[in-house]
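Hello,

Here is the structure I said I would pass on. My notes on it follow below.

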Amino acid sequence: MKFAWIDVRTVPEAQRTAVIDAAVHSRVAGVVADDPALLDSLPPTITRVLVGSAVDSPHLVIVPVDDQDALDRLPSRSAFVTVSDDRTLKLACAAAERLDHTLVKFTDPTKIPLEIVIAAAHGAPGKLITVVTDLVEAAIVLECLEHGSDGVLMAPADATDVFRLARLLEAKSEPLTLTTLTVEALTHNGLGDRVCVDTASHFTEDEGILVGSFSSGFVLCCSETHPLPYMPTRPFRVNAGALHSYVLGPANRTNYLSELRSGSKVLAVNADGRTRELTVGRAKLESRPMLTITARSPEGVVVDLMVQDDWHVRVLGPGGKVLNVTELRPGDELLGHIATEQRHVGLPIGEFCKES
């Protein structure tokens, strides 16, 4: 689990008490200081981190090291390395491979040195903590090389920054429960506008996005990762459906396909229900013949999806089976997701709402 430490060494005294209170109340993992007396006053529920050379302390002591000899003679199991060149990069890698805690600060804005340290630390039992300047950098560092740093250390401007950092750490993509839908009817609708969702990431072969005409349920639309005749694969794309359709995004929020823009977020979902947040690079709307798929869940919930009426448009069935929409027949099984609440401006709400 990712975590954050709050660095109070540079926080103005007028803001320090509020920042520390915010760290405690938001359950941030640790507070970093160079004053043992300040750490003594903190509750035991938070990790108290002392930066300095002292080792006779009840707190977690992080000792700055600047060469291999200092690392070899380190009296504690935690070190602070500032990476500014190849020598110090190798030092950070060595520390991350063998210590319980390695705090790393990078002097250059490139994330390549961080990627190298993450790779070196992969499989090591210790924790890698990276110094970040703000929340934007924290989000990048926590996902760098797909694994990310185990933790981040940030000096907040005020208490608001602490709460925002805590919310950033809480943001994770929970798995979804998928259900098997049975096709009941297929209707040719004539011309309509459909949306292709082009993301900034590769989909895997059993991934897609959840799309539906009604907020009560969604069908798992397949990405274009599978070969098609007459055209190359586009592993970043889902031919998702008509522009009025709901698409499921992070935090159980929906958008209409017509609302997606470059930078919007959608939820990639695989056949086992695992999810991850993706960034939309482009949403492409074009007029095409349309087909409505009507299916029903085991609980009796009707799920509709209007898609482009063409053989190359696909949905996923149980086990990640790839199904061409124009070859679907009543009785065929699809993967979908049943929502338990209605929607208002994309947010789930427990109110009466009938869609038809």
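Glutamate 224 lies in strand S11 (residues 217–224); strands here are DSSP runs of E of at least two residues, and helices are runs of H or I of at least four, both numbered from the N terminus. This is a predicted model, in which local features need pLDDT of at least 70 and side-chain atom pairs count only at pLDDT 80 or more, while totals for chains, interfaces and linings use all residues. Residues are numbered from 1 along each chain as its sequence is written, and side-chain values use heavy atoms, with hydrogens and water left out.

Glutamate 224 is buried (under 20% relative accessible area, 1.4 Å probe, protein chains only). It has no salt bridge, that is, no side-chain nitrogen of Lys or Arg within 4 Å of a carboxyl oxygen. Arginine 234, the nearest side chain of opposite charge, is 4.4 Å away (Lys and Arg count as positive, Asp and Glu as negative; His and the chain ends are not counted). Among the residues that glutamate 224 touches are Arg234, Arg237 and His312 (contact means heavy atoms within 4.5 Å).

Leucine 278 is in strand S16 (residues 275–296) and is also buried, with a relative accessible area of 1%. Its contacts include Thr199, Phe203 and Val266, leaving aside residues up to four places away in sequence. From leucine 278 to leucine 291 is 13 residues in sequence and 27 Å in space, C-alpha to C-alpha.

In helix H4, the buried residues include Leu89, Leu91 and Cys93. The buried residues of H4 pack against helix H3 (68–72), strand S5 (78–83), strand S6 (101–106) and helix H5 (112–121).

Regards

Definitions and conventions
Buried < 20%, exposed > 50% of the residue type's maximum accessible area, 1.4 Å probe, protein only.
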